[in-house]
Amino acid sequence: MSKQDNFRKQVKSFYGILVISFAMVLLIGVLGVIYMMDPSVFSSKKDTPNSEVVDVDPDEDWDKIENGIHLRTGFKDGEGLMTVVNNCTNCHSAQLVIQNRMNEERWIETIRWMQKTQNLWDLGDNEKVIVNYLVTNYPPKSKGRREALTNIEWYPLEQ
Amino acid sequence: MKRRNFVKKTGLGSLVGILGLDIVYGAKIPENYTLLGLQDPDPFQMFDKDKEMVVLNSKPWNMEAVAHLLDDRITPNKYMFIRNNGLVPENIDVKKWSITFDGESVKEKKTFTLEELKSKFAHHTYQLTLECGGNGRSEFDPPAKGNQWTIGAVGCASWTGVSLKDVLNEVGIKDDAVYIGYHAADQHLSRDPNKEPISRGVPISKAMMDETLLAFKMNGEDIPLVHGYPLRLVCGGWPASTSGKWVNRISVRNIVHDGEKMTGSSYKVPCNPVAPGEEVKNEDMCIIESMPVKSLITYPKSGAMIPKGKKLNIRGHAWAGELEISRVSYSIDFGATWSECSLEKPVNRLAWQHFKASISFPKSGYYEVWARATDSNGVSQPMLLPGWNPKGYLNNACHRIAVKIS
């Protein structure tokens with residue numbers, strides 16, 4: 001087989017891959033456009049959403065931030081957000097972090113506890129970034145010995 | 001949900017494109033199978049829970065009730081709180097399920113299949129109060145780390161099983177036995193097979209009580225998966241973490257059980273009272289045993305508005321760990337005066353008791369109805385937060401609801 005033939009064959013096979021790839025990209029693109037115009041095209045009729053949880057479409061933007069909230073996790077947007085997402089949501093959900101309020105010392109203590117007992121890795125330089133994000137966005141709030149009742153939903157009681 | 005169908009219908013080739021990764025053995029995925037990574041879990045559907053239940057954490061699953069959902073005398077599954085430490089076991093083969101008794105203080109290691117357990121020992125049914133040790137944690141100041149439970153990590157379902165005592169007697173335990181520790185089939189969050197998410201237990205005296213069950217039924221049906229199917233240890237009146245789910249081994253120990261979340265500071269409070277925020281060494285922490293006296297107003301829901309001159313009927317439950325409730329009182333003037341509620345006897349030991357009252361209000365305006373239970377030792381619930389502790393356990397402060405008279 002001559003060198004030229006060989007080269008031609010390679011070009012041909014490369015061209016083939018290129019065409020297939022292009023066709024696939026085009027197909028996904030077309031389906032994507034149809035989906036964007038009318039998402040119900042792809043869902044079965046039975047499938048009525050009954051969840052009150054907002055269904056975020058990660059295909060659209062996996063890390064979308066709306067009103068200062070990282071939609072996928074619920075974390076507040078801020079410096080170090082993605083470092084926190086990437087290191088702190090592998091074992092437990094973000095909700096466990098968000099519910100808690102701690103100062104720097106106690107966030108670090110919590111990290112040490114997870115490293116000692118829960119297989120959390122050495123965070124290296126990221127630890128500073130993570131702790132700074134947590135203290136800034138989830139600092140302790142003083143509640144006193146008993147808080148007033150808040151968020152009362154008033155309703156007329158028939159009895 | 002729609003995304004999932006979209007992904008399904010566009011086929012695997014595009015799936016690779018969309019996810020930006022390759023699925024090894026993609027061709028072998030059975031039809032109609034949804035990849036785990038693409039499932040959006042609806043916990044209410046998955047665990048058959050009411051939509052008003054509150055999810056605190058999705059990994060691990062933790063969910064609590066709100067006060068008015070707990071109005072039933074026997075808590076149905078849909079209002080039963082979920083507290084998990086690890087991942088719910090998958091692919092349980094109930095036919096092959098067995099429980100092994102081992103440890104320093106068994107005369108001989110012994111294993112029973114679930115069927116043997118059910119056929120060999122007498123069945124008992126008790127209504128048992130289970131409350132998470134951290135119920136009420138959200139109120140502590142300075143805040144304590146962990147799931148921020150408000151008031152809804154409690155329930156009193158009916159449990160059917162065999163007495164652990166009967167099984168321990170059959171196994172034969174040595175005189176030096178001091179504690180039992182459970183082991184279970186749930187997986188550690190890190191999926192490290194060498195780690196147990198939780199392995200707690202109780203002193204042998206609690207293990208030998210009539211009401212301490214190896215249960216296979218909750219409210220007359222197979223225990224729901226998330227609550228420990230097919231076998232759960234139930235130690236009523238103690239922190240619910242002692243009621244191990246998915247139990248497949250019980251170690252009879254000649255020392256205080258040293259399993260996961262028995263050592264360190266978990267489920268422990270300072271042996272001596274400390275100031276809020278004070279640091280406490282592990283060796284100065286003591287294991288929580290019986291839960292403290294507590295009550296909940298389950299009717300009406302907070303926020304009721306009633307016309308002037310009408311009486312308000314309230315009701316709820318009270319419980320006190322190992323003890324009985326002797327009295328429940330209510331106050332509409334922030335504790336200045338208290339009136340008695342009528343109180344029922346428990347249906348059995350370790351079951352919560354029901355109280356009710358009919359309240360008149362002197363004039364229009366904003367009120368809070370506070371309930372306060374007293375146990376058989378004369379100990380009452382505090383109106384303020386009880387002693388601060390580093391992990392935020394045992395908040396048994398009085399429950400209250402807001403009422404408006406117009």
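In this predicted model, B:Arg200 is buried, because 25 other C-beta atoms lie within 10 Å and the cut-off for a buried residue is 20 or more. B:Arg200 sits in the loop of chain B between strand S8 (179-184) and strand S9 (201-203). Neighbours within four places in sequence set aside, the contacts of B:Arg200 are with B:Gly181, B:Tyr182, B:Ser241, B:Thr242, B:Gly244, B:Gly259, B:Lys261, B:Met262 and B:Tyr267. Of these, B:Gly181 and B:Tyr182 carry numbers that fall in strand S8 (179-184). The C-alpha atoms of B:Arg200 and B:Gly378 are 30 Å apart in space, and the two residues are separated by 178 residues in sequence.

A second buried residue of chain B is B:Ile332, which counts as buried because 21 C-beta neighbours are found inside 10 Å. B:Ile332 also belongs to a loop, in this case the one between strand S19 (325-331) and S20 of chain B. When neighbours within four places in sequence are left out, B:Ile332 is in contact with B:Ile359, B:Phe361, B:Tyr367 and B:Val369. Between B:Ile332 and B:Ser265 the C-alpha to C-alpha distance is 38 Å, with their positions 67 residues apart in sequence.

The two strands on either side of the loop that holds B:Ile332, S19 and S20 of chain B, are part of an open sheet of six strands. The order across this sheet is S3(A)-S17(B)-S24(B)-S23(B)-S19(B)-S20(B), and the pairing is mixed. At the edges are strand S3 (155-156) of chain A and strand S20 (339-340) of chain B, each of which pairs on one side only.

Within the sheet, S19(B) and S23(B) run antiparallel and are joined by six bridges. In one of the bridges, B:Val328 has B:Ala373 in S23(B) as its partner. Strand S23 (residues 365-375) of chain B is also joined to strand S24 (residues 399-405) of chain B, here by seven bridges and again in an antiparallel arrangement. B:Trp370 has B:Arg400 in S24(B) as its bridge partner. Two contacts of B:Ile332, B:Tyr367 and B:Val369, have numbers inside the range of strand S23 (residues 365-375). In a regular strand, side chains point alternately to one face of the sheet and the other.

How values were computed: Residues numbered from 1 in each chain as written. Chains lettered and ligands numbered in written order. Predicted model: local features only at pLDDT ≥ 70, side-chain atom pairs only at ≥ 80, totals over all residues. Helix = DSSP H or I, 4+ residues; strand = E, 2+ residues; numbered from the N terminus. Buried ≥ 20, exposed ≤ 12 C-beta atoms within 10 Å, placed from the backbone. Contact = placed C-beta atoms within 7 Å. Pairing = 2+ DSSP bridges.
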